[in-house]
Amino acid sequence: MNNLLLLKQKNLSQLPAEIGRPSYDRGQLTAGIVHVGVGGFHRSHEAVYTNELMQESGTSEWAICGIGLRESDRRMAEVLRKQDYLYTLIEKHPDGEIENRVIGSLVDFVLGVDDRSAVIDRMAHPDTRIVSLTITEGGYNVDATTGKFDFSNPDAQHDLENPASPRLVFGFLTAALRKRRDNGLPAFTVQSCDNIQHNGDLTRKILLDFANRQDAELAKWIEDEVSFPNAMVDRITPVTTEADINYLANTFGFHDAWPVTCEPFCQWVIEDNFSNGRPEWEKVGAQFVSDVTPYETMKLRLLNAGHSVLGILGSIFGHETIDGCVKDELFASYLRTFMDVEATPTLDAVAGIDLDQYKDTLIERFGNPNIKDRLERICLESSSKLPVFLIPTINDNLERGGSIKFAALVVAAWCYYSDKGVDQHGKELEIVDELKTLLHNAAKETGRDKLSFLKLKQVFGGLAQNHRFAEVYIEMIDALYANPDVSVLMRKLLSDS
Ligand code: CS2
């Protein structure tokens, strides 16, 4: 590694010609966007759209300052600082073609655990016009039973008592907005980029709940001045591996400690509702619409739920990646049937989109053999994903008398997975979930009470009380606990349908 060129601003001109790089002057940029949660997805999506825009139009006011609020963000902060905030985007096509380019839209990074007031100052800076978020589905601190801000979280109590040194993103947003108001600055837009239905509306509601408890007058100002556009975001971005780092080193002779790998497909549909200006992302492929609802429902219920179907069933079966699942005919046909029979009937028509074609494309995207999207990533934090991706489809089908069995098997398999923590061959599954212990404790009671897992209200709401669902679910539980080879049940459901 010693003789490798390091990815840095001063070395950009020495990179091999086939590596794309910023042609704009990074020294002239100001950070109009402050982004909380700089992981793979932000770096394959918003940062890329913004990079393309700067490349195309020469705009200089919308560079991005990254923010990390957790100790686990320290490595990203360090890597980016060493690389002048540059990183490589490795776009992998299904035919084996790979396009590489260095992205230059990130220009700074503030690590909140080291300096909380620096985060507030950055958000309150006159240059900042948008604060965007990828804090994951679980990061919104929603109390699942009330749908409101969860004040029982100890960090929320801390934030109420220590407004100048908060821990949760909502504490930071409140403190920064207070500072802007007091300094006579316009509010920024808060732009969620997470996979949540009406992500902007939810962010608004949760932030107002919190701000109201702290300072009702400020909450009123936020209500009047801050925009929260809803958006649908999409680009499959697997976890970066050593192999990605080695690929750049071995093929092109430079060292990037944390590149991002992704598929070529990319989509961003945004409601055009910004309080303090916005980049012209439509010039580089984003779509601005007045109502994003049908797009987000389509994506959450087909793509994200499709991932969860494969992730949970595939994990128990012993598959390792999404492309591995869709190469297996049984899994591919189960996925398509779930989409056609259970998810699609709950969707509204989407202007300009043919749903059959959308599903075909999804299956092609999932099958991209060069995107090794591991099922561990898909199953990560299932307890905050399934309530958004899958359970609304079940509830809609219960209401409309539609099919529920394909989704019910996923829930039953999730119970088995949480209970045993191994696949059908006894191989350990690494479960990473905020509610891991709760899920495990409920699932392991299944022998005594077949509905114990389903009774977890914070995940399933009132599903256990629904007789039709409970009956189908119990049938699946019985079958799965008798024989954990999930493919037998999958085959049976497909042949019955
Ligand atoms: C995945 C998403 O987290 C998940 O379970 O479904 O990360 C998915 O890859 C992205 O939303 C694609 O846009």
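## Two buried residues

A residue counts as buried when its relative accessible area is under 20%. This model is predicted. Asp 244 has 6% relative accessibility, so it counts as buried. Asp 244 sits in helix 9, which spans residues 242-252. The side chain of Asp 244 also has a polar partner: it makes a polar contact with the side chain of Lys 92, at 3.3 Å.

Leu 12 falls under that cut-off too: its relative accessibility is 6%, and therefore it counts as buried. Its setting is a loop, the one between strand 1 (5-6) and strand 2 (31-36). From Leu 12 to Asp 127 the separation is 115 residues in sequence. In space, the two lie 27 Å apart, C-alpha to C-alpha.

## Ligand shell

Which residues surround the ligand? From the earlier part of the chain come Asn 195, Asp 234, Arg 235 and Ile 236. Lys 299, Leu 303, Asn 304 and His 307 also belong to the shell, as do Arg 377, Ile 378, Lys 385 and Phe 389. By class, the shell holds 5 charged, 4 nonpolar and 3 polar residues.

Helix 10 (293-317), helix 14 (375-379) and helix 15 (382-389) are the elements that each give two or more residues to this shell. Helix 10 gives the most, with 4 residues. Both domains take part: domain 1 (5-289) and domain 2 (293-496) each supply at least three shell residues.

## Polar pairs at the ligand

How far is a polar side-chain atom of Asp 234 from an oxygen atom of the ligand? The distance is 2.5 Å. Asn 304 also offers a polar side-chain atom, 2.9 Å from a ligand oxygen. Arg 235 takes part through its backbone: one of its polar backbone atoms is 2.9 Å from an oxygen atom of the ligand.

How much of the ligand does the protein bury? Taken alone, the ligand exposes 340 Å², and the protein buries 93% of that.

## Nonpolar core

The largest nonpolar core contains 81 residues. Those with the most contacts inside it are Leu 313, Phe 453, Phe 460, Phe 469 and Tyr 473. Helix 17 (residues 405-420) gives the most to this core, with 12 residues.

Where does this core lie with respect to domain 1 and domain 2? Domain 1 (5-289) and domain 2 (293-496) both contribute residues, so the core lies between them. In soluble globular proteins, nonpolar side chains tend to be buried together.

Terms used: Residues numbered from 1 in each chain as written. Predicted model: local features only at pLDDT ≥ 70, side-chain atom pairs only at ≥ 80, totals over all residues. Heavy atoms only, no water. Near = heavy atom within 4 Å. Polar contact = N/O pair within 3.5 Å; in protein donor to acceptor, adjacent residues only side chain to side chain. Areas by Shrake-Rupley, 256 points an atom, 1.4 Å probe, with all protein chains shown as cover. Nonpolar A, V, L, I, M, F, W, Y, C, P; charged D, E, K, R; others polar. Domains from an automatic or database assignment. Core = buried A, V, L, I, M, F, W, Y, C linked by side-chain atoms within 4.5 Å. Buried < 20%, exposed > 50% of the residue type's maximum accessible area, 1.4 Å probe, protein only.
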